[in-house]
Amino acid sequence: MAMSMGSGGGGGRGRRGRGGRAAMSEINVTPLVDVMLVLLIIFMVTAPMLAAGIPVDLPDSKADPLDQQQDQITVSLDAQGNVFLDDQQLAPGELTERLAGLRKGPKPPLVTLRADRVLDWGRIAAVMGELNAAGFKSISLVTNSSSAPQ
């Protein structure tokens with residue numbers, strides 16, 4: 001009287017699926033890696049677009065791009081002439097007060113000025129004067145890069 005212990009005489013290899021094959025116990029990570037790489041590319045492309053939330057139609061320029069810095073202040077002027085400090089809209093005349101509170105240490109942070117192309121130069125110069133009055137002597141003007149001759 002012999003008793004058989006374990007699975008049906010196969011030597012203890014585990015369960016067998018249909019057709020007599022053993023079940024695979026490894027996880028296939030290739031689809032996961034593919035999805036993660038696609039997401040990484042999407043985030044790399046969209047991250048620079050998220051830096052400036054104010055819609056501004058920038059003028060074109062052939063200037064070389066500047067390096068990004070950690071302590072950077074962005075001042076934007078939209079088509080209606082509204083002034084924004086980073087993403088917050090400011091009341092007229094409030095820019096100088098807000099910038100005075102941001103200036104720390106011997107070296108002020110980099111100021112980038114984004115202005116819509118439909119604005120007249122007088123409005124942009126007035127904002128640059130406010131920046132100068134707040135102690136910011138170095139201002140970077142942001143434009144679209146265009147390599148095509150005009």
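What share of the contacts in the protein chain with a separation of 6 or more comes from residues 24 or more positions apart? In this predicted model, such residues account for 71% of those contacts, and the legends below take up the chain as a whole before turning to close-up views.

**View 1. Overview of the protein chain, with its 3 helices and 7 strands.** Read from the N terminus, the elements follow the order α-β-β-β-β-α-β-α-β-β. Of the 150 residues in the chain, 22% count as buried, while the exposed area comes to about 11400 Å², of which carbon and sulfur atoms supply 58%.

**View 2. The largest nonpolar core, a set of 17 residues.** Within this core, the residues that touch the most other members are V75, L95, L99 and V127. Two or more residues are contributed by each of the strands β2 (72–77), β3 (83–85) and β5 (110–115), and likewise by the helices α2 (95–102) and α3 (121–133). In soluble globular proteins, nonpolar side chains tend to be buried together.

**View 3. The surroundings of V75.** When neighbours within four places in sequence are set aside, V75 is in contact with V83, F84 and L85, with L95, and with V111, T112, L113 and R114. The list of its contacts is completed by V127 and L131; V127 is, like V75 itself, among the core residues that touch the most other members.

**View 4. The packing of α2 against α3.** Two packed helices are described by the angle between their axes and the distance between the axes. Here the angle is about 35° and the axes lie 9 Å apart, with α2 passing α3 in a right-handed crossing. From α2, the residues L95, T96 and L99 meet V127, E130 and L131 of α3, so that by class the contact is made up of 4 nonpolar, 1 polar and 1 charged residues.

**View 5. D86, a residue other than glycine with a positive phi.** The phi of D86 is about 55°, and the residue is placed in the loop between β3 and β4 (88–90). D86 counts as partly exposed because its relative accessibility is 39%, which falls between the limits of 20% and 50%.

**View 6. D116, in the loop between β5 and α3.** Is this aspartate, D116, buried or exposed? D116 is buried, because its relative accessible area of 7% is under the 20% cut-off. Although D116 and A79 are 37 residues apart along the chain, their C-alpha atoms are separated by 5.4 Å.

Key. Residues are numbered from 1 along each chain as its sequence is written. This is a predicted model: local features need pLDDT of at least 70, side-chain atom pairs count only at pLDDT 80 or more; totals for chains, interfaces and linings use all residues. Side-chain values use heavy atoms; hydrogens and water are left out. Helices (H or I, at least four residues) and strands (E, at least two) are DSSP runs, numbered from the N terminus. Buried means under 20% relative accessible area, exposed over 50%, partly exposed in between (1.4 Å probe, protein chains only). Contact means heavy atoms within 4.5 Å. Accessible areas come from the Shrake-Rupley method with a 1.4 Å probe; for residues, only the protein chains shown count as cover. A nonpolar core is a set of buried Ala, Val, Leu, Ile, Met, Phe, Trp, Tyr and Cys residues joined through side-chain atoms within 4.5 Å. Axes are lines fitted to C-alpha atoms, for helices over the stretch in contact, and angles run from 0 to 180 degrees between N-to-C directions. A crossing is left-handed if the near helix is turned anticlockwise from the far one by less than a right angle, and right-handed if clockwise.
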